[in-house]
Amino acid sequence: MKYHCPIVIISLVVGWSLLSCAPFSPDRRVPDEEMLPEAFSNKAPTSDISQRWWETFDDDQLNMLVEEALSANYSLRQNWARLKQARALAVKSGAGLYPDLSLEGSASMGRSRTDDGTSAAETNVESYGLGLSSTYEIDFWGRIRSEREAATLAAAATRQDLNAAAMTLTANVAIRWIGILSQRMQKQLLQRQLEANQTLEELVELRFHKSLASALDVFQQRQLVAQSRAQIPLVEQSERKLLNELTVLLGRSPHEVPDIESRTLIVPTHVPATGIPAQLLTARP
């Protein structure tokens with residue numbers, strides 16, 4: 001028995017070493033087909049909503065504003081930079097699957113002087129070096145492949161974040177543009193209402209001078225005129241606020257306020273049928 005114990009111990013050590021070098025990777029999880037249905041809704045989308053939905057308004061100025069926002073908005077530029085960074089990290093993560101080759105070179109020049117007491121001599125010394133090295137890591141446990149796959153998925157998620165940011169940006173530009181036109185139309189309506197109230201005020205005062213109306217009627221009509229006149233600055237303030245917000249979305253400086261030439265809302269010729277609210281999720285990234 002004393003001669004078999006070392007053999008058993010050596011066998012265990014060798015077997016354990018071979019077992020420790022075996023490739024290891026987590027089990028790939030395959031979703032059960034019965035858990036996820038093929039479709040989450042029995043009704044298909046009623047229409048295919050275009051990615052450039054703002055063009056349905058058929059307004060050249062709105063198209064120019066949206067294109068400017070997509071190219072000059074600082075938040076969207078930041079998302080583009082994040083996408084470039086994620087793609088670069090994905091490429092870097094997969095670089096470990098290939099051998100690493102390094103080339104190094106060096107050169108030096110010098111001068112040496114020798115003096116034996118009777119004569120002196122100077123010689124030039126030149127030295128050149130060239131080195132080539134290569135390293136490679138065997139991906140036994142799948143670490144490099146997992147890192148590359150994770151970086152690739154992160155880049156794809158960053159791309160969807162960029163799409164969502166662009167979609168939100170175009171919606172905000174269109175909302176501000178519609179709000180500006182709405183405030184202008186409301187201002188025109190208030191001005192017409194003010195003119196009508198002023199005309200009615202003159203008629204009430206004329207009736208008062210003819211003893212056909214009381215002083216209360218005159219003061220009530222003056223109050224209506226003052227209320228109509230007081231609402232106009234509030235509408236102008238809202239329009240100015242929307243213009244400033246649109247300026248920020250376009251990436252312009254505060255003094256470069258866009259000049260919106262339109263005065264009335266343009267009704268699109270064809271409004272896409274969105275269906276039920278849940279179907280709006282199919283248009284999201």
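Arg-52 and Glu-67 form a salt bridge in which the closest N and O atoms are 2.3 Å apart. Arg-52 belongs to the loop between α1 (5-20) and α2, whereas Glu-67 sits in helix α2, so the pair ties together parts that are 15 residues apart in sequence. Arg-52 is partly exposed, its relative accessible area being 36%. Glu-67 is likewise classed as partly exposed, at 32% relative accessibility. Salt bridges with shared partners join Arg-52 and Glu-67 with Glu-55 in one network. The model in which these pairs occur is predicted, and a search of the whole structure finds 10 salt bridges.

Helix α2 also takes part in a salt bridge between Glu-68 and Arg-252, whose side chains meet at 2.7 Å, N to O. This pair links distant parts of the chain, since Glu-68 is in helix α2 and Arg-252 is in the segment after α5, 184 residues apart. Glu-68 has a relative accessible area of 23% and is therefore partly exposed, the lower limit of that class being 20%. Arg-252, at 27% relative accessibility, is also partly exposed.

A further salt bridge joins the side chains of Arg-143 and Glu-147, with an N to O distance of 3.2 Å. Both residues lie in helix α4, and because they are four residues apart, about one helical turn separates them. Arg-143 counts as partly exposed at 40% relative accessibility. For Glu-147 the relative accessible area is 38%, and this residue is partly exposed as well. In general, side chains of opposite charge can pair when their charged atoms come close.

The protein contains five helices and two strands. Read from the N terminus, the order of elements is α-α-α-β-β-α-α. Buried residues make up 21% of the 285 residues of the protein. Among contacts between residues at least 6 apart in sequence, 73% join residues at least 24 apart.

The largest nonpolar core has 20 residues, of which Leu-65, Val-173, Trp-177, Leu-246 and Ile-260 touch the most other members. At least two residues of this core are supplied by each of α2 (60-72), α3 (74-94), α4 (143-209) and α5 (215-249). Helix α4 provides the largest share, six residues. Apart from neighbours within four places in sequence, Trp-177 is in contact with Phe-57, Asp-59, Leu-62, Leu-65 and Ile-260. A second core, separate from the one just described, consists of five residues, among them Leu-190, Val-225, Ile-232 and Val-235. In soluble globular proteins, nonpolar side chains tend to be buried together.

Helices α2 and α3 pack with their axes 6 Å apart and at an angle of about 50 degrees. The angle falls between the limits of 35 degrees for roughly parallel and 65 degrees for roughly perpendicular, and the two helices are therefore oblique to each other. On the α2 side of the contact are Ala-69, Leu-70, Ser-71 and Ala-72, which meet Tyr-74, Leu-76 and Arg-77 in α3. Classified by residue type, this contact comprises five nonpolar, one polar and one charged residues.

Definitions and conventions:
Residues are numbered from 1 along each chain as its sequence is written. This is a predicted model: local features need pLDDT of at least 70, side-chain atom pairs count only at pLDDT 80 or more; totals for chains, interfaces and linings use all residues. Side-chain values use heavy atoms; hydrogens and water are left out. A nonpolar core is a set of buried Ala, Val, Leu, Ile, Met, Phe, Trp, Tyr and Cys residues joined through side-chain atoms within 4.5 Å. Buried means under 20% relative accessible area, exposed over 50%, partly exposed in between (1.4 Å probe, protein chains only). Contact means heavy atoms within 4.5 Å. Axes are lines fitted to C-alpha atoms, for helices over the stretch in contact, and angles run from 0 to 180 degrees between N-to-C directions. Angles under 35 degrees count as roughly parallel, over 145 as roughly antiparallel, 65 to 115 as roughly perpendicular and the rest as oblique. Ala, Val, Leu, Ile, Met, Phe, Trp, Tyr, Cys and Pro count as nonpolar, Asp, Glu, Lys and Arg as charged, and the others, Gly among them, as polar. A salt bridge is a side-chain nitrogen of Lys or Arg within 4 Å of a carboxyl oxygen of Asp or Glu.
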